[in-house]
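Hi everyone, thanks for coming. I'd like to walk you through a structure today, so have a look at it on the screen first.

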Protein chains: 2
Amino acid sequence: MNNEVLKALRERRSVRSFKPEQIKDEELKAVLEAGIYAPTGMGHQDPWIVAVQNPEIVAQLVRMNAKIMGTDSNPYYGAPTIVLVFASHPEKWFTSVHDGTLVLGNMMNAAYAVGLGSCWIHREREMFETEEGRQLMKRFGLPDGLIGIGSIALGYAANAIPAAKPRKADYYRIIK
Amino acid sequence: MNNEVLKALRERRSVRSFKPEQIKDEELKAVLEAGIYAPTGMGHQDPWIVAVQNPEIVAQLVRMNAKIMGTDSNPYYGAPTIVLVFASHPEKWFTSVHDGTLVLGNMMNAAYAVGLGSCWIHREREMFETEEGRQLMKRFGLPDGLIGIGSIALGYAANAIPAAKPRKADYYRIIK
């Protein structure tokens with residue numbers, strides 16, 4: 001079977017090199033709208049999405065993430081947009097990590113569908129447990145008590161989309 | 001912006017009522033293939049997918065899940081196929097829950113793309129921590145030490161796809 005949707009789900013790849021130019025508002029909106037229609041546990045819509053395009057805050061996120069990672073490089077690969085996803089602490093909402101992850105997954109697929117490159121970045125949990133992270137969440141206007149689930153680096157790919165690595169032979173099995 | 005992929009990402013809904021007839025092999029394969037091309041942390045391909053169509057094992061999963069849920073109803077809504085996703089314990093692989101969740105997300109989107117209904121079901125973590133669950137994982141031929149991440153109930157929808165609930169007004173914000 002084949003159609004445009006299956007093709008996109010199979011052919012989307014993580015992009016780790018971005019052009020510096022900012023993406024179009026309509027492209028960002030398409031990505032965010034796909035995110036909010038991801039399924040969430042019991043339809044509770046637990047996650048919160050913050051798309052950061054402000055260059056100073058992007059630079060701050062780069063610095064915060066690099067510090068957790070213990071590196072001087074840019075963990076967001078120079079992407080001009082960073083889309084952060086937050087959700088309740090798992091003790092408060094049992095599917096919060098799954099819910100936030102499904103939002104990120106839909107956004108990566110949507111990014112591919114509109115010709116953008118994206119890559120899941122990590123360490124937002126640790127970043128937003130710091131005092132600096134908590135201040136930033138306040139500045140974003142988020143409610144208290146959330147944790148960072150993950151993020152995507154978003155922008156125009158600087159290079160050709162890499163080929164998929166071969167999948168492990170026994171990734172799935174069917175029990176008839 | 002609009003295209004077939006964005007439309008599918010926005011319009012897929014969870015289906016909670018299934019026809020008893022089994023889905024076609026090619027439909028199942030399209031769903032599983034979308035799952036294995038989901039991104040995983042560091043490209044590690046940590047998850048494992050088990051699609052169960054054997055009626056006796058489906059009935060066993062229904063019973064195991066209902067026991068955790070504390071109900072007599074069918075937590076998989078009568079779906080003829082249950083697709084289970086397992087992954088390493090998070091102490092062994094730091095993105096295992098995220099990785100397994102992205103696999104499940106891609107499979108739900110692919111299901112919609114081929115005209116199937118699907119719904120994320122839960123409680124597989126608890127189900128496969130029991131002795132019965134451990135025996136079943138052995139029967140599936142899975143390596144030791146995995147945990148259940150979640151599953152999807154998969155089949156032909158018995159009713160029209162429900163409309164999306166309105167999304168919360170401040171689901172996303174853009175920081176320019």
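**A helix with two sides**

Let's start in chain B, with helix H6, residues 131-139: B:Gly133, B:Leu136 and B:Met137 are buried there. Buried means 20 or more other C-beta atoms within 10 Å of the residue's own, exposed means 12 or fewer, and partly exposed is in between, with C-beta atoms placed from the backbone. Helices (H or I, at least four residues) and strands (E, at least two) are DSSP runs, numbered from the N terminus.

Before I go on: this is a predicted model, where local features need pLDDT of at least 70 and side-chain atom pairs count only at pLDDT 80 or more, while totals for chains, interfaces and linings use all residues. Residues are numbered from 1 along each chain as its sequence is written, and chains are lettered from A and ligands numbered from 1 in the order in which they are written.

So what's on the other side of H6(B)? There, B:Glu131, B:Gln135, B:Lys138 and B:Arg139 are exposed. Just after H6(B), B:Gly141 has a positive phi of about 80°.

Now the sheet. It's open, with 5 strands in the order E3(A)-E4(A)-E2(A)-E1(A)-E5(B), and the pairing is mixed. Two strands pair if DSSP finds at least two bridges between them. At the edges sit strand E3 (117-121) of chain A and strand E5 (172-175) of chain B, each pairing on one side only. Inside chain A, E2 (residues 81-88) and E4 (residues 146-155) run antiparallel, joined by 8 bridges. A:Ala87 stands opposite A:Ile147 in E4(A).
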